[in-house]
Structures are given as structure tokens and as C-alpha cells.
Amino acid sequence: MTTILEMRNITKTFPGVKALDNVSMKVEAGEIHALVGENGAGKSTLMKVLSGVYPHGSYDGEIRFEGDECKFAGISDSEKRGIIIIHQELALVPLLSIAENIFLGNERASGGVIDWGETFGRTRELLAKVGLKEAPQTRITDLGLGKQQLVEIAKALSKEVKLLILDEPTSSLNETDSQALLDLLLEFKARGISSILISHKLNEIGRVADAITVLRDGSSVSTLDCRANTIEEGDIIRDMVGRSMTDRFPPRDPKIGEVMFEVRNWTAHHPLHSDRKVVDNVSFNVRKGEVVGIAGLMGAGRTELAMSVFGRSYGVGISGEVLVNGQPVDVSTVGRAIDNGICYVTEDRKTYGLVLDETIRRNIPLANLDGISNGIVVDDHRELAVARDYRDRLRIKSSSVAQEAVNLSGGNQQKVVLAKWLFAEPDVLILDEPTRGIDVGAKYEIYAIIAELAASGRAVVVISSEMPELLGVSDRIYVMNEGRFVGELPAADASQEKIMSMIIRSGHRN
Amino acid sequence: MTQEAAHSFQPAASGSSARSSSIGFIRRHMREYGILLALIVIMVFFQFMTGGILLKPINLTNLVLQNSYIIIMALGMLLVIVAGHIDLSVGSVLGFVGALAAVMIVQWQMNYVLAAVLCLGVGGVIGAAQGYWVAYWRIPSFIVTLAGMLVFKGLSLWLLAGQSVGPFPGSFQLLSSGFVPDIFGVGKPNAFALLLGVLVAAAILFFAFRSRMRNRAGGHDDEPAAFFYAKNLVFAGAILYLAYLLATFRGLPNVLIVMALLIGIYSFVTSKTTVGRRIYAMGGNEKATKLSGINTERLTFLTFVNMGVLAALAGLVFAARLNTATPKAGLGFELDVIAAVFIGGASMSGGVGTIVGAVIGAFIMGVMNNGMSILGIGIDYQQVIKGLVLLVAVIFDVYNKNKG
């Protein structure tokens, strides 16, 4: 077996921080190499060094690709060698077509005039390779996230890729799309393309990875060979967090009371196609002290359900009834929903959760400004005390509460969003993908907060695409598919298979 | 409190490092103080180049009068820009309201107080008419207010039938050209102006100390003592000096009092109130703010209503100063106002900017206009230089942001 990539003793310092400390990593030709570590462990920095985002000279150490020492001055240099990186946040232009996106900056043209025949023809070939059945003229905005991911990969293939780097490619994909993507990686492997896969999802890594490099606090802790011996998830987690984590979920002793939150016959329509029902006659309830999970595939309508209940933040033609403690409540605006004790923690913290350029201190009280003011004038000292209190309680890692949200890691950003909603003192808290894109250690802390909320007599709803997570935190699980609730089962009886089969059976009925 | 909470940039307590920590503090807060520094440098430069004319009492008084309407509008524009929008119509609205005032007071012989109140109301209605489309229909403010700019330019032409209308009664002119009488009867220097200067300087020191003490007590203070004292003493000294200069001429212009009150009120609203918090949050991330239960549509709407009222006030001040309403009044003022806000550190994308910054930005433009005119620099070069200053100010801001 030949080594395609070797990174030796890479050290990268930012002002005041050593982001990478003597990291080494070796990728064999034709293997899938997983790179894991907690958020802030240095995975992305390492990949930026490799792809030339941080040019040669800005770091110490050596990169060898196919035996040659490489001194990349920019991304275009590394792309010429066949190293292509696909970032977590996709870099596609939404209003251009698939074909235009694939050949953006690399247009099939002669003398500046685009050869559309060749462009579309090549695009069709590439789409076939990634198994995407869409016309090359389709606009990106009309595709789901999973398909957009495939377009990114097709774009990489258009550049004669030898080493494909994927940064958390499945973090926003549902189960089916994730599986398809992983299958694609295996197919590439068979064709001799190597990949580096950055992921937090250990079950995926277990499925496809040939080797695993674990980073912790900017150092390479271990390299595990999955071909020689079977690797237990526990081993990986132990290396990642530096301690063994026997339980991924905090212990709970649920004390479940009366029905506290109830939604009856809830229907919502798509904002643009107002004849399409996105949420179709859904009814559910949550008891005091209970954690209720909502399972389903991406696009099942779970986020739409939650947002339409939360002050009609999504959809048109909404009908149905919401009850808190048996009394019908008005949730027609976000403000009224909050006043009635209902809070919603978004799945998309950067767009809907945080004012990124503002400080932690300014973000936390945003949903409850009355709590730090006399209604008109803000009490600075109260504000500071609140911010510090939540920062300490939720262990938000930051230099101070004056740090801007944009500079926090994903897990800490999520905690700031949670802090904002905890300060709004909800009776009912709906959490949408509360641990998306955050590391194992921070996940545990979020689960602990959920458990604590339930223990303090609130009703908690958790929406998640990660089934082990739902099974771990919930007392009861509703299954949603195509806008309808298709099943309900106590968590004790639930399993991934049962949930999946409920979804699939409900799909067959149509 | 955990160890991480200890501010990494807490100044060293020992005296020997006090100076270096002050310099470090200034460097970290370059974005805030850079603009003030620039104003001081520009003033010193013109004071020197004009052989001391710039800070002569009569010129200083003029400087205040000339820039009052720009500053009044900059207060509203700051809110509009922080909210993530822009208002291109303010120059035309200023001209239109001036014309309306002239028609009501000069042609209809209406009581000038009633007319002024009506004009402010009309300004609010104009703001509401534009804000409605921006807030509730989500039509880009650039387009709505560009339309407004044309509409109100046309309406003032129509109102005035292409003629200049004036003069205003003397009592209306006092709004702009009047001075607060010396209630102590000293006359020269104006004792009331001096007293007010002393009071304001004392108030500034008092509030600065109180806030510092409170911050200390709360354990969140990173301003080095040397810097704190130097800053506030220089600031108070500057106020006293300017008050003295104004006192030796005719005292405090009425419009300065109006301006100072408005600056104080708007500073307070932006930095200390929940409404201020909401506007900044909305400019930073409208979706997140809306999903935090804040009525962003109404907030945007009110921001434009406020802008309309302030543009109307500026229109009255300008008409009173010129003592006549002309169809050309307000031409291009929106650009000066917007430039002042951006020079003062506001961000095009919203969420960032301060009232004090916008006021300083307006004075930078004003001092340059005034200084270059005294020096006899042609209007052609003046435009070029002002344009470059705007560009440099924004580049400086972006540079500091990226570095920080």
C-alpha cells in the first residue's frame, strides 16, 4: 500500500493560541480516513493547512502528497494536485443551475464563450457518477440539502480529484441521504480515490472508515487502524475527550405529571405553494416533566410544525389549537407564544438563533428584555449578572461575556442560544436538532440540561434526526412522516428499526 | 466565577505598566477612539492652516449653525442604518418641510408654533408612508426612499411654484439664528453660557465617575486609570473651552441647545433602553430577533417615522437659517448625512454604529467644509477631498475590524 498524503509535525499558531501542535497524519492511497475530535480540536485548521487556505510559510511542518513535498500558496494550488475540500457550509450559488455551479470558475468555454453543449453533457456524466437524477439546468435552490451535497461532490469530480476532503458532510442530511453519501464514498474508494472524512457521527465512521485519526486540543492523539482490529465507539470517544465516557446520556428519573402542553389538529401550508399541506392535522401532547421526541426524516415537517406553532413563524393557512395546562392559548405571534410560556430553540443557530456580531451578554437576554430592564431602561448590572450566571451554569467556554458570539465554537454557540431561551423562563421548550454539529462532550452537557429542565417540571419536546439521541433522551417518541404523525411509542419500547419501519410503512400507504 | 472568566486583558495594577496598558487599551479600542482622534487632528490641522480662524468664536458659532441640520438628521439616520436600512429621501423631505413651513407661515400667515408642530407631524407621516412599505411589504428601503426623494423634491417645487418664499417672521428665525439670552445680564462674556459649560463638564465627570465606580463594584472594568482620567479631563476641558469661546461671542445658539438635548436623548435611547437593544439586534440578525419575540416590522416602521420627524425638524432649522424656502433646499444633504454616519463607524450591513460616532462624523465633514472654505480651496477640490476622507474612514474601520 502506498501513502498518498503525509502531513508531518504540523504546527499552526494564531495570535495567542496554538491551534495545531505537532500534528502528524498519514493517508494511504485508496482509503477512507476519518478525522475526529471535539469542536475546536483543530480538525478544520488542519484541513485548511492541507488545502492551502493557510499558505505555506504560515505554519511549521511538512506536507507530502504522492511523495512530493508541497508548498501550497492557495486553494488553487492544492486543487491542481487533486486535493479538493468540501466545506460544511456548501459553496454553491443558489440561483444558478447545477451545470453552472459545477463549472463555476472552470467554465467549458472557448475564447470566453461558454460551450453549453459540452457543459451540460459533462454535467450529465458527473451527475450519473454521483447518482443524482436531476437535469443539469435545475437551479440549486430547487434542490434539497442532500442533493446539493451531491452537486458539490460532482463539482469535485470535475476537477480530477485524488483526495476528497469532506467536512461533516452528513451533519444536515437525513438517514437515507447520509447512507447514500457514504455508499458513494465507498464507490470512490473502489475507484482509487482517497477521502478524508471529518465527522461527529461515530456510527458512520465505523461503517466506512479504514483508519481514524483522533485530534484533541490541537494534537494528534492516536491513529486507529480499522482494518486490523475492530474499533469500539467507546475507544474513539475516550481518545476524543480524554476520559472514558461510559454513558452518553445523563441518568434520569422522570417524574411525569399532568398534560401540560397540547397541540390539536394542527395544519400548516407551504408559504409559496399554499395548496400544499406541510403539516397535516397533527395532534400531540407533552406532560409535565416529560421529554417527548419527534422522529422523522428530513423534510417530514417537524421543524415546520414547531415553527408554525411558535408564533406562526412558518407557513400560511395555519389552523389548529394549542393548549397550555388545559387552557387554549394564543400563539399567533412569537411574542404571545413566549408570553404563554412556549419557547423554541432553532435548528439553525447562526440564522435564527444568534446575533452573531453581538456579545454573549447581549444575546442572552434578547428574548426576555423585560427581565433585565424596567420595561424601558436596561439595567446594565442586572444584564451582566444574568449573562455571567448563565455562562457559568451552562459552562459556556469564552474569555468573558463580552466575547462576540461569532467567535465561539458550535457547541458554545448552541449553549448561548439555550441560555437565551432558558432566561425566557419557558414552561414548554421545543428543541430542534439541539446537538447538530457539536461534539460529544458538549452533547452530553446539552442532554444534561434537557434532563434538568424536565426534572424541574417543564415539558420538553426534542426534534432530532439522530435516532440514538432521541432514544437516549426521550420518554416518549412521536414519529412524523410527510407532514403527519404516523406513530407514537414509549422510548422504552422504541428502537431505530421500529421507528424506521413506521416511517416506511406510512410511506407505502400512499 | 471560574478562572476563564478572569478577563485576559485585565490591566496590570502596578504603576510602572500603567502607561503601556493605556496604549494597549487605546489600540484595542482604536475603532471607538480613532474617529475622535481624527476629528481632533483635523481641527488642529485647520486651526494651524487658517492661522487660528477656525476656532475664533464667530467661526465656531457658525460651525455649529451650519452643521446643526446635518447632525439632527444624522441622529435619525444612525438608527435607520443600524436597523439595516437607508433613507435617501431626507434631503428632499427637509426641503419639502421647509417649503411647507414657508407656505403656511408666510403665505397663510399661520402662527409659527402651530405651523412648526404641523410640519413635524407631516414629517412623521412622510416617514410612516415610507416605513410602511419597507417594514410591512419588505420593499428595499433604497428603492422606497429613492422614490421618496424624487416625490418630495417634486412636491416642494410644486408647493413653491418654482419660486423662493420668504422672509419668515423674526420670531421663527430665532429657532436657528437666535441665542440663549444671558439671564445674569453680564453680556460679555455670556455668563449663562459659561455656567452651562461648567455644569455640563461637571455632569460628564460625575457620570463618568459613577459609571466607573459601578463597573468596579461589578468587577467588569478594563479601562486603565491613567486613560480614564486623561480622557475625561480632556473631554471636560474641551467643553469648558468651547463654552468659553461661544460665551465671548453671542452665547449659546438656540439650535445648539436643541441639538445637545437630542444627542443626549438619542445616546441614551441607543445605549440604555430596550428599544435600542432591539434595533441593534434587528440590524445584526433580523430573523433571530424576530424569533426572539420582537416585532421587527413595527420597529422598522417606527425607525422611519422617527427619521421623518427629525428630517422635518432639520427642515425647519434650515428654513429659519436661510430665512427663506427655496426649491433647491436640501439638495444632496442625504449624502452628507449618510457619509457622517458611516464616517462615525456604522456598518452598511446594520447592527453597528453609535450616536456619538455619527455626531463626530458630521463634525468631521463640517470642519473640513468650513476649513477648506476659509482656505479658499475650490469647491471642486473640496468634493474630491471629502470623498476620499469618507473612503479612508471606512477602510480604516474595516481594517481595524479584520485585525481585531
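**View 1. Ile84(A) meets its bridge partner, Leu164(A), in β9(A).** This pair comes from a predicted model, as does everything else shown here. Zoom out a little and you'll see the two strands involved: β6(A) and strand β9 (residues 163-167) of chain A, pairing in the parallel sense over four bridges.

**View 2. The open sheet of chain A has six strands.** Trace them across and the order reads β6-β9-β10-β3-β11-β12, with mixed pairing. At the edges stand β6 (83-86) and β12 of chain A; each has a single partner strand, so one side of each is left without a neighbour in the sheet. From one strand to its neighbour, the turn is 15° on average, direction ignored. As a reminder, strands of a sheet pair through backbone hydrogen bonds, either parallel or antiparallel.

**View 3. A helix lies across part of that sheet: α6 (residues 175-190) of chain A.** The strands it crosses are β3 (32-36), β9 and β10 (194-198) of chain A. Compare directions with β10(A), and helix α6 of chain A runs at about 150° to that strand.

**View 4. β11(A) and β12(A) make a hairpin.** Here strand β11 (residues 211-216) of chain A and strand β12 (residues 219-225) of chain A pair in the antiparallel sense, over six bridges. One bridge to look for links Arg216(A) to Ser219(A) in β12(A). Two residues sit between the strands, and Asp217(A) in the turn has a positive phi of about 50°.

**View 5. Stepping back, chain A splits into three pieces: domain 1 (3-241), domain 2 (259-341 + 426-509) and domain 3 (359-425).** Put a point at the C-alpha centre of domain 1 of chain A and another at that of domain 3 of chain A, and they lie 35 Å apart. Chain A as a whole has 17 helices and 22 strands. Its C-alpha atoms fill a box of roughly 70 × 50 × 50 Å along the principal axes. A compact globule of 510 residues would have a radius of gyration near 24 Å, and chain A agrees, with 24 Å. Buried residues make up 48% of chain A.

**View 6. Chain B touches chain A, with 26 residues of chain B in contact with 27 residues of chain A.** On the chain B side, the elements giving two or more residues are α8 (191-218), α11 (274-284) and α12 (286-290) of chain B. Sort that side by class and you get six nonpolar, 14 polar and six charged residues.

Conventions: Residues are numbered from 1 along each chain as its sequence is written. Chains are lettered from A and ligands numbered from 1 in the order in which they are written. This is a predicted model: local features need pLDDT of at least 70, side-chain atom pairs count only at pLDDT 80 or more; totals for chains, interfaces and linings use all residues. Two residues are in contact if their C-beta atoms, placed from the backbone, lie within 7 Å. Ala, Val, Leu, Ile, Met, Phe, Trp, Tyr, Cys and Pro count as nonpolar, Asp, Glu, Lys and Arg as charged, and the others, Gly among them, as polar. Two strands pair if DSSP finds at least two bridges between them. The radius of gyration is taken over C-alpha atoms; the globule rule is 2.2 Å times the number of residues to the power 0.38. A residue is buried if 20 or more other C-beta atoms lie within 10 Å of its own, exposed if 12 or fewer, and partly exposed in between; C-beta atoms are placed from the backbone. Domain bounds come from an automatic or database domain assignment. Axes are lines fitted to C-alpha atoms, for helices over the stretch in contact, and angles run from 0 to 180 degrees between N-to-C directions.
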